[in-house]
Amino acid sequence: MNTQSTITSRPRRLRYMSAAIAPLLLLSTAVLAVPAGASSLNVTFAVTSVDFGTETVGTTATAQAVVTNTTSAPLYFKAAAAHGGSAGDFSLSSAGCAGALAPASSCTVGVSFTAGAPGDRVSSLDVTLGVKGPGGSFIGEATVKGLLSGHGVAPDFTLSNANAGSVVLGSLGTASIVVTNTSAVSLQVHSWNVTDTHHFFSVASSTCSAPLASSGTCVFVVLFAPKSLGAVSGTVTISLSVIGAAHPEFVTHAATVSGTGTKSGGSTGPISLSAFNAGELTVGTSLSGQVSMTNVSKGTVTVLSSVLSGSNAADFKVGTNNCPANLASGSSCQFNVTFAPSQPRVRTANLAITVKVTNGANHHEVKVSTPLSGTGIRPTAKLSAPNFGAVTIGSSSSAQVTVTNTSVSPLNFRTATLSGPHMPSWSVSSSTCSGALAPSASCEIGLTFAPHTQGDLSIVLSVVLGIHQGTHHVIVPSQVTVKGSGAEPSFSVVVPSFTATAKGGSSSAVAVITNTSDVTLSYKSAALAGGNVNDFTVKGTTCVGQLAPAASCNVSISFHPLQSTGGARSTTLRIVLNISSITPTASVSSLSTLNATEL
């Protein structure tokens, strides 16, 4: 859709200082400040409207509005803005319309649309062009309105329901809720809540902490801990929102979780199984235990198979069992189970045992499951760092940071990096950390501190260790702040003592400069300023080249009073020395007062 603006006001003459510029009359609904007596010309221009169609809330689409000068005179771009309605959903870029717009030519205004909420989003695109006079200032302007529109739709996702099956009272069962992002944009979990009047269900862990890309899936693992017999259910409500949206649109769905509490191994059948919970265990270590199977039938039981299942089945291993070929009624046997967590979080699985029950001439097969669980704990490491204290600018100091494996499993050294605003003053100078670091073992990372400026120059050392567990690699990060500060080099100046001198005479003395720091300095300058500066002159110096620590040199100064008023004379001596080892060169200075007497 094209919208035109015709500028209509009382005819006024535009008077120009230069005859080379054709006189124009702007006709508009706007009042134009134009000089009386100028010629006239109808001025029109058009702006195309932009419809973005349907966009997911939080996503951004771009398009262009075309501005066309339909008059016979050049027009100049002044402004473009979105006004009214959902103006906050539209942003503009007018770089394409800078400068003059010749007759019959066009330029473009870039428009971006980010739907802030579901529904129709509408605003007006106001473009202002004008005419300039001989001095380059606008002498008239008009605004054309185009339409900006789009329709926002809420992001969405789906949830799967979850059933933990039959779980023995006092044991734990698990079920997984799968979250699937059905939107065109990435989503993030905002919140979740479990509604369960029996308080048997809880969320144990989730893989949904990272952004969930379009069509991506993640899982909430729900624990079922029945305390009474029978089937129960609950609801897990999960809310997601668009990542980075200025006005987040939260979308909420609910999944049903269910399970059945039983007396024996998830079944009222011929055998009962005990649950297995390994408790907390550091990643990289393992713990063995047993699942007990009891024959509660009136016949004999023969074990046919034992199978692990579940999202974390790889963290559990079923070993040997001591079950006889025919387990008598009322007897028990044990299955050896090992838990070796691969990740620092709750790990769950199910052990399903299939048996053949024989009672006289009758026999049948039965499969019963029991939950396995444990919690992985992230390994740890400790960093101990020295305090470098105050180090003189231009010098350096080295020390070691000790890295200690405080976990119960070997860790592999990966990286050591420095970070912070004072990086130029620090470097990693050595390291004995490589390969595997045994439990309780230590290695050292050497740091060198060479301050380039004064003040607190502390830095952060980050060390990353890791451990391989199956197909997983668990990161063990540690950080420590290493303290150090830069101290300015020092030197002393012993001021000279001048003989009392009359006008027209002179006396000379030397200022002795001594390097009192632990770095080499070099002479830069000696200057006088303030007071009776015209009565003193720097005559020369022995300060040539570098001045080693504890070394001295002299600056010669003469006193020659220019007035005959008698009395005290003084001025200020400023000595500047460079710090030789700093690039770019840094310097230190000292101010001393020189005193003399005129006779």
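G394 counts as partly exposed, with a relative accessibility of 21%. The cut-off for buried is under 20%, so G394 falls in the class in between. This is a predicted model, so take that value as a computed one. G394 sits in the loop between β28 (387-392) and β29 (397-405). Look at what surrounds this loop residue: setting aside neighbours within four places in sequence, G394 is in contact with P451, V519, I579, S581 and I582. There's also H452, which is 58 residues away from G394 in sequence but 6.8 Å away in space, C-alpha to C-alpha.

Now zoom out to the whole chain. There are 0 helices and 44 strands, spread over a chain of 599 residues, 43% of which count as buried. Among contacts with a separation of 6 or more, 70% come from residues 24 or more positions apart. As for the surface, the chain exposes about 27500 Å², and carbon and sulfur atoms supply 51% of that.

With that many strands on show, it helps to pick a few and see how they pair. Start with β4 (residues 60-69). Strand β2 (residues 44-48) pairs with β4 in the antiparallel sense, over 3 bridges. One spot to find by eye is F45, whose bridge partner in β4 is N69. β4 also pairs with strand β8 (residues 106-114), again antiparallel, this time over 9 bridges. Here A63 stands opposite V111 in β8.

Follow the chain out of β8 and you come to A115, in the loop between β8 and β9 (119-132). Is this loop residue buried or exposed? A115 is buried, because its relative accessible area is 2%, and the cut-off is under 20%. Its contacts, once neighbours within four places in sequence are left aside, are E55, V57, G58, T59, D89 and G152. A154 is worth a glance too: A115 and A154 are 39 residues apart in sequence, with 9.4 Å between their C-alpha atoms.

Next stop, F157, in strand β11 (residues 157-159). F157 has a relative accessible area of 2%, so F157 counts as buried. Which residues does F157 contact, leaving aside its neighbours within four places in sequence? They are V179, T180, N181, T182, L187, I238, L240, V251, T252 and H253. Take T182 from that list of contacts: the C-alpha atoms of F157 and T182 are separated by 4.9 Å, although the two are 25 residues apart along the chain.

Further along is T354, in strand β25. T354 counts as buried because its relative accessibility is 14%. Not counting residues up to four places away in sequence, T354 touches T302, V303, L304 and S305, plus E365, V366 and K367.

β25 brings us to the largest pocket, which has a volume of about 240 Å³. The elements giving two or more residues to its lining are β15 (201-206), β16 (217-224) and β25 (346-359). The lining of this pocket has 13 residues, and those nearest its centre are S205, T207, N312, R345 and R347. What classes make up the lining of the largest pocket? By class, there are 8 polar, 3 nonpolar and 2 charged residues.

Methods. Residues numbered from 1 in each chain as written. Predicted model: local features only at pLDDT ≥ 70, side-chain atom pairs only at ≥ 80, totals over all residues. Heavy atoms only, no water. 1 Å grid on protein atoms, 1.4 Å probe; cavity = no way out; pocket = protein on both sides within 12 Å on 5 of 7 lines; lining within 4 Å. Points joined across faces, edges and corners; volume = space filled by probe spheres on them. Helix = DSSP H or I, 4+ residues; strand = E, 2+ residues; numbered from the N terminus. Nonpolar A, V, L, I, M, F, W, Y, C, P; charged D, E, K, R; others polar. Pairing = 2+ DSSP bridges. Buried < 20%, exposed > 50% of the residue type's maximum accessible area, 1.4 Å probe, protein only. Contact = heavy atoms within 4.5 Å. Areas by Shrake-Rupley, 256 points an atom, 1.4 Å probe, with all protein chains shown as cover.
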